[in-house]
Amino acid sequence: MYKPIVCVLFLSLLSATAADFEWNSQGTIDHPAYMFGTSTNWGEYHITVLENNTGSNLTITELGFSCSGPGPAEWLVWTDVTGFAPPGDPDSAEYSGTFTPLDPNPYHTPDVYTDVDISSEGIVFANGSLLCFGYENPGSGGFSELAGPHETWSWFNNIWDGDSQHMTTNCIQILANYASSLSTTTFAGIKASFR
């Protein structure tokens, strides 16, 4: 009689668990933006570069962008990064896709992150490597009012312009889980292994 309630509670707890790796350019997940830049006055794309120093390979599950606008917009990931600098123009990204911002209004500081599930891409962030990721500005990109603690860049006039020289940082984040060599199976497959 109580089994369905227990199952629902268990599934709710599973969905509330954090990712193994959570990173935000401001140091805190969902760090609020304090100002914004449009695609015409600040940058058409926003990116950052980070290093996997966790000791394990990671599989990227989600990207998060403090942005607003009508969309669709493009997300970007580069895994062949050789230094803490932008790897190439936006068209050079190894992985990309589209998303629609949660907030369609491009005329204000975004007050919510748009979380983009990219777990189906199977992008591995290898231990000890650098990764670059970012997004196309759909109208409004959220920024902190201070530079750092991590550098971000904005694509403006066909170059990557460092945001820290303007005393700001784009609010951007990534979530990942430890990569596993375990294979997935069905319940029937598990039952069959005990025969």
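What follows is a working chat about a predicted model of a single chain.

Q: Hi! To get started, how many helices and strands does the chain have?
A: Happy to help. The secondary structure of this predicted model comes to 2 helices and 14 strands.

Q: And what percentage of the residues count as buried?
A: Of the chain's 195 residues, 42% count as buried. The accessible surface comes to about 10,600 Å², and carbon and sulfur atoms account for 55% of that.

Q: What share of the contacts comes from residues 24 or more positions apart?
A: Among contacts with a separation of 6 or more, 82% are between residues 24 or more positions apart.

Q: Let's look inside, then. Which residues have the most contacts in the largest nonpolar core?
A: That core has 22 residues, and the ones with the most contacts inside it are Ile 60, Leu 63, Phe 65, Trp 75, Val 77, Phe 133 and Ile 174.

Q: Which elements give two or more residues to it?
A: Those are β1, β4 (58-68), β5 (73-81), β9 and β14 (172-178). The largest share, 5 residues, comes from β4.

Q: Where's the second core, or rather, which residues does it include?
A: It is a separate core of 12 residues, and Tyr 45, Ile 47, Val 49 and Ala 93 are among them.

Q: Back to Val 77 for a second. What is it in contact with, leaving aside neighbours within four places in sequence?
A: Val 77 is in contact with Ile 60, Leu 63, Ala 93, Glu 94, Tyr 95, Ile 118, Ile 123, Leu 131, Cys 132 and Phe 133. Ala 93, one of these contacts, is a residue of the second core.

Q: Nice. New topic: how many aromatic pairs turn up in the whole structure?
A: The search finds 5 aromatic pairs. One of them is Trp 23 with Phe 133, an edge-to-face pair at 6.2 Å centre to centre, with 80 degrees between the planes.

Q: Where do those two sit in the chain?
A: Trp 23 is in strand β1 (residues 21-24) and Phe 133 is in strand β9 (residues 130-136). They are 110 residues apart, so the pair links distant parts of the chain.

Q: Is Trp 23 buried or exposed? And what about Phe 133, buried or exposed?
A: Trp 23 counts as buried because its relative accessibility is 11%, which is under the 20% cut-off. Phe 133 is buried too, with a relative accessible area of 0%.

Q: Which residues form an aromatic cluster?
A: Phe 65, Phe 99 and Tyr 135 form one.

Q: β9 keeps coming up. Why is it described as largely enclosed?
A: Because 6 of its 7 residues are buried, β9 is largely enclosed by the rest of the structure.

Q: What does it pair with, and in which sense?
A: Strand β3 (residues 45-51) pairs with β9 in the antiparallel sense over 7 bridges. β5 also pairs with β9 in the antiparallel sense, over 5 bridges.

Q: Which residues are the bridge partners of Tyr 45 and Trp 75 in β9?
A: Tyr 45 has Glu 136 as its bridge partner, while Trp 75 has Tyr 135. That Tyr 135 also belongs to the aromatic cluster with Phe 65 and Phe 99.

Q: Changing tack: where is Gln 173, and is it buried or exposed?
A: Gln 173 is in strand β14, and with a relative accessible area of 1% it is buried.

Q: What polar contacts does its side chain make?
A: There is a polar contact of 2.8 Å between the side chains of Gln 173 and Asn 24. A polar atom of the Gln 173 side chain also lies 2.7 Å from the backbone nitrogen of Asp 30.

Q: What else is Gln 173 in contact with, beyond four places in sequence?
A: Its contacts include Trp 23, Ile 29, Glu 62, Leu 63, Gly 64, Tyr 113, Asp 115 and Phe 133. Trp 23 and Phe 133 are the edge-to-face pair from earlier.

Q: And Asp 30, where is that?
A: Asp 30 is in the loop between β1 and β2 (35-37). At 43% relative accessibility, it counts as partly exposed.

Q: What is its phi near?
A: Its phi is near 60 degrees, a positive value in a residue other than glycine. Met 167 has a positive phi of about 60 degrees as well, and it is found in the loop between β12 (159-162) and β13 (169-170).

Q: Last one: which peptide bond is cis?
A: The one from Gly 71 to Pro 72 is cis, with omega near 0 degrees. Pro 72 lies in the loop between β4 and β5.

Terms used. Residues numbered from 1 in each chain as written. Predicted model: local features only at pLDDT ≥ 70, side-chain atom pairs only at ≥ 80, totals over all residues. Heavy atoms only, no water. Phe/Tyr/Trp six-rings, centres within 6.5 Å; stacked < 30°, edge-to-face > 60°. Helix = DSSP H or I, 4+ residues; strand = E, 2+ residues; numbered from the N terminus. Buried < 20%, exposed > 50% of the residue type's maximum accessible area, 1.4 Å probe, protein only. Core = buried A, V, L, I, M, F, W, Y, C linked by side-chain atoms within 4.5 Å. Contact = heavy atoms within 4.5 Å. Polar contact = N/O pair within 3.5 Å; in protein donor to acceptor, adjacent residues only side chain to side chain. Pairing = 2+ DSSP bridges. Areas by Shrake-Rupley, 256 points an atom, 1.4 Å probe, with all protein chains shown as cover.
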